[in-house]
Amino acid sequence: MNRSLDIVIVGLGAGGLYASRAALSFSRECRVTFIEKRDFDQFSPCGLPFVIEGVVKDFEDLKYHVPEVKNRLLKLLRHEALSIDPEKKIVKAMDLAVSEERLIPYDALILANGASPINLPIPGAREFVGRGVYFVSDIDNSRALVEAATISGKKQVVVVGGGAAGLEVAVGLRCRGLDVTITKRTPEPFPRNLDPEMGEAIVGELEGLGIRVLFGKGIDRIDGNREVASVTIAGETIPCDIVVMAVGMRANTRLAETAGIAVQNGLVTVDNRMETPVQGIYAIGDLVRTYSRIDRSPTTMQLATSAYRQGMTAGVNAAGGNTAYPGALNTFLTKVGGLEIAATGYTLQTATELGYDARAVSTRRETRPHYMPDVTEVHLRVIVNQADGKILGAQALGKEGAAWRINHLALAIHGGMTLYDLMDAEFSYNPPISQMYDPMSQLAEVGLKRLKLSPRECETVFFPSDRPKMTST
């Protein structure tokens, strides 16, 4: 290359950051410019509920500094990208500090401008934003929620949404001494990640913390005069002065649309290189519809763990490389009170809808030998293809050991493993930490029996008594 390659990245989140690192590492000839609306570099959205809970001391602790690199990495903070001209390869941006527009040329463009929180279309939801209705998506709106909780007169809050953010915020506000009700229209928590039978323990954990759970009873309206005074859920009026909307995120597709990029079902479509249909423009993170690592069927994964991996792919390709994103498994983890909740791959319903002859197998096993103190159980569930025992998904709940077992099972799915392979796997063992016969091995054994999968046949092989000697070259 006889000249520098200018890469512009819109959005300095996890995806954008790792895109820049990948690009700068791949090519010493490229320069990266960030366009970021905030007045600071980066923060961890996943940490917001834990500041609300008090586990993390201050919202400022969630911030990261991204150092500039002379002639290679430039940050345009307090700048908002307004439009894209793909013919001239120019991004029009507004310098928010001085209210002036500027034109930023690019050779390759990476859209990493994420998503915004959804507000339900119910009476009172829009009218009371900032006057009792709050969101938890950035430092400013989360800080506003904490301030409202601190001065709340009624000390009663309703959290709308049963995903990770909703449950974590509900626990955090309960730990601050507020009376918390959590509601969602569907009866099961995490319907995209967990089968219904796994939800009972989650509800029990929330109720054990003193949180009122109204799953399957969506909020109908929000009432008040100058501020929120109550909500109506399934005909019941519940007094409160705080409502937290945690019903999901909507992709920020407007900027992509200015470049003529098609949007389907509210998401930008990309190929396996994370490139949009407009050549030279890539999109990553919460913005995109991607594909499953299992079978390449369309999927969405609005998690930091997918955003950074997509960013690495887009960064290399924007810098002149040619690499592919391996696909998403939607591997996720949250902790509600003392309960680890984790999942990866397909639920039974999703696998069936995709045409698999899928079956589910569940077990509950102690994580350590019975003679060890404070032994707890882990509830494991695996989704497999009946024909060959191939693992399609897995779920885990427990006070300990759920998270790392799901990581193992995600790796198993990535490797195309079956229940036979999981049964054969060798795991470490020490009584204070694990079982000799790990719950994952027990899950595989139970699955093979229940699904009536025959043991694999083998040929007799005699191994030499001595190892072959290694020869140096």
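This short talk covers one helix, one buried glycine and one pocket. Keep in mind that the model is predicted.

Let's start with helix α3. It runs over residues 139-151, which makes 13 residues. How far apart should the ends of α3 be at 1.5 Å a residue? The expected span is 18 Å. In the model, the end C-alpha atoms of α3 are 19 Å apart, so the two values agree.

Look at the start of α3 next. D138 sits there, and one of its side-chain oxygens comes to within 3.1 Å of the backbone nitrogen of D140.

Now, which residues of α3 are buried? They are I139, N141, S142, L145, V146, A148 and A149. Here is a rule to hold beside that list. An α-helix has 3.6 residues a turn, so residues three or four places apart point the same way. Try reading the list again with that in mind.

What do those buried residues pack against? The partners include three helices and strands early in the chain's numbering: β3 (42-43), α2 (48-53) and β4 (63-64). β11 (133-135), α4 (164-175) and β18 (242-245) are partners too.

Take one residue from α3: N141. Is N141 buried or exposed? Its relative accessibility is 16%, and the cut-off for buried is under 20%, so N141 counts as buried. Setting aside residues up to four places away in sequence, N141 touches F135 and V136.

On to the glycine. G315 lies in helix α7, residues 304-318. Its relative accessibility is 0%, so G315 counts as buried. What does G315 contact, beyond its neighbours within four places in sequence? The answer is A19, A22, A23 and I110. Here is one more distance. G315 and P67 are 248 residues apart in sequence, and their C-alpha atoms are 18 Å apart in space.

Last, the second largest pocket. It holds about 410 Å³ of space. How many residues line the second largest pocket? There are 22. Nearest its centre lie P191, R192, Y346, T347 and T350.

Which helix gives the most to this lining? That is α8, with three residues. α8 covers 348-353, and β24 (298-299) also supplies at least two lining residues.

Finally, the chemistry of the lining. By class, the second largest pocket has ten polar, eight nonpolar and four charged residues in its lining.

That's the tour. Find α3 in the structure, then G315, then the pocket.

Conventions
Residues are numbered from 1 along each chain as its sequence is written. This is a predicted model: local features need pLDDT of at least 70, side-chain atom pairs count only at pLDDT 80 or more; totals for chains, interfaces and linings use all residues. Side-chain values use heavy atoms; hydrogens and water are left out. On a 1 Å grid over the protein atoms alone, a cavity is a set of points where a 1.4 Å probe fits but cannot get out, and a pocket is an open set with protein on both sides within 12 Å along at least five of seven lines; lining residues have an atom within 4 Å of a point. Grid points are joined across faces, edges and corners, and a volume is the space filled by probe spheres set on the points. Helices (H or I, at least four residues) and strands (E, at least two) are DSSP runs, numbered from the N terminus. Ala, Val, Leu, Ile, Met, Phe, Trp, Tyr, Cys and Pro count as nonpolar, Asp, Glu, Lys and Arg as charged, and the others, Gly among them, as polar. The expected span of a helix is 1.5 Å times one less than its number of residues. Buried means under 20% relative accessible area, exposed over 50%, partly exposed in between (1.4 Å probe, protein chains only). Contact means heavy atoms within 4.5 Å. A polar contact is a pair of N or O atoms within 3.5 Å; within protein, one must be able to donate a hydrogen and the other to accept it, and residues adjacent in sequence count only if both atoms are side-chain atoms.
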